[in-house]
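Here are some notes on the model you sent, set out as numbered points so that each can be checked against the coordinates.

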Amino acid sequence: PDSSVMATDVSPDALAVAGRNVQRHNLADRVALVQADLFAGLEGPFDLIVSNPPYVPEEDVAAFPPEYGHEPLLALVSGADGMATPARILHHAARFLTPQGWLALEVGAGVGALEARFPTVPFVWPELLQGGEGIALVSAADLRACLRGPGTKDEQ
């Protein structure tokens, strides 16, 4: 109850939905909504960054079930291997985290692609109570240590 949240999205439509949920649950005093492309214009530090970015590979779009047609591609697709946006987040998150902070990053079935791009990052993959996969946890300290310089397959 003492926490505060800054929720960001690049999509005005997504923020409008979030705004309705903030009002519905009476959280306006604790949740700020900001239109931003990832970290653009934000100031930290944050104790926790939780992100559900687009992580679907471009080639997978053709095999989407019809119900996915209701989702904007901007919310789903992220480059050839699906990891373009998660990679941007990983490269910049440490600057916005407290020294004891953590990043929680959903990548769904992209676990292998993320680990291939960032072989030196010691991701923690929690077991989810309701099943599923693809939530990577990494500490600010590990991000700072592992992404300082060369060592990833895509230095951005």
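**Notes on the predicted model**

1. The mean pLDDT of the chain is 91, and 95% of its residues reach 70 or more; the model is a predicted one, and the points below should be read with that in mind. The stretch to set apart is residues 150-156, where pLDDT stays under 50, although the model has 19 contacts beyond four places in sequence for these residues. Where pLDDT is low, the predicted coordinates should not be read in detail.

2. The sheet is open and has 3 strands in the order E3-E4-E5, with mixed pairing. Strands E3 and E5 (135-139) stand at the edges with a single partner strand each, so that one side of each is left without a neighbour in the sheet. On average, and with direction ignored, neighbouring strands of this sheet are turned by 10° against each other.

3. The mixed pairing can be followed strand by strand. E3 and E4 run parallel and are joined by 5 bridges, and Phe46 stands opposite Leu97 in E4. E4 and E5, in turn, pair in the antiparallel sense, over 5 bridges, with Val138 in E5 as the bridge partner of Leu103.

4. The parallel pair belongs to a right-handed β-α-β unit made by E3, H2 and E4. The helix of this unit, H2, lies across E3, E4 and E5 and runs at about 175° to E4.

5. How many aromatic pairs does a search of the whole structure find? The search finds 3, and two of them are described here. Phe39 and Phe96 form a stacked pair, with 4.6 Å centre to centre and 10° between the planes. This pair links distant parts of the chain, since Phe39 sits in the loop between strand E2 (31-35) and strand E3 (46-51), while Phe96 sits in the loop between helix H2 (84-93) and strand E4 (97-106), 57 residues apart. Both Phe39 and Phe96 are buried.

6. Phe64 and Tyr68 form an aromatic pair that is tilted, at 4.9 Å centre to centre and with 45° between the planes. Tyr68 has a relative accessible area of 35% and counts as partly exposed, because the class of partly exposed residues lies between the limits of 20% and 50%.

7. Pro45 deserves a separate look. This residue lies in the loop between E2 and E3, and a cis peptide bond, with omega about 0°, joins Gly44 and Pro45. Is Pro45 buried or exposed? At 55% relative accessibility, Pro45 counts as exposed, because the limit for that class is over 50%. Leaving aside neighbours within four places in sequence, Pro45 is nevertheless in contact with Phe96, Leu97 and Thr98. By contrast, Pro45 and Gln130 are 31 Å apart in space, C-alpha to C-alpha, and 85 residues apart in sequence.

8. Two backbone angles should be checked by eye. Leu38, found in the loop between E2 and E3, has phi near 55°, a positive value in a residue other than glycine. Asn26, whose place is in the loop between helix H1 (12-24) and E2, likewise has a positive phi near 55° without being glycine. Asn26 is exposed, with a relative accessible area of 65%.

Conventions
Residues are numbered from 1 along each chain as its sequence is written. This is a predicted model: local features need pLDDT of at least 70, side-chain atom pairs count only at pLDDT 80 or more; totals for chains, interfaces and linings use all residues. Side-chain values use heavy atoms; hydrogens and water are left out. pLDDT is the predictor's confidence in each residue, from 0 to 100. Contact means heavy atoms within 4.5 Å. Rings of Phe, Tyr and Trp (its six-membered ring) pair if their centres lie within 6.5 Å; planes under 30 degrees apart count as stacked, over 60 as edge-to-face and the rest as tilted. Helices (H or I, at least four residues) and strands (E, at least two) are DSSP runs, numbered from the N terminus. Buried means under 20% relative accessible area, exposed over 50%, partly exposed in between (1.4 Å probe, protein chains only). Two strands pair if DSSP finds at least two bridges between them. A crossover is right-handed if, with the strands pointing away from the viewer, the path from the first strand over the helix to the second runs clockwise. Axes are lines fitted to C-alpha atoms, for helices over the stretch in contact, and angles run from 0 to 180 degrees between N-to-C directions.
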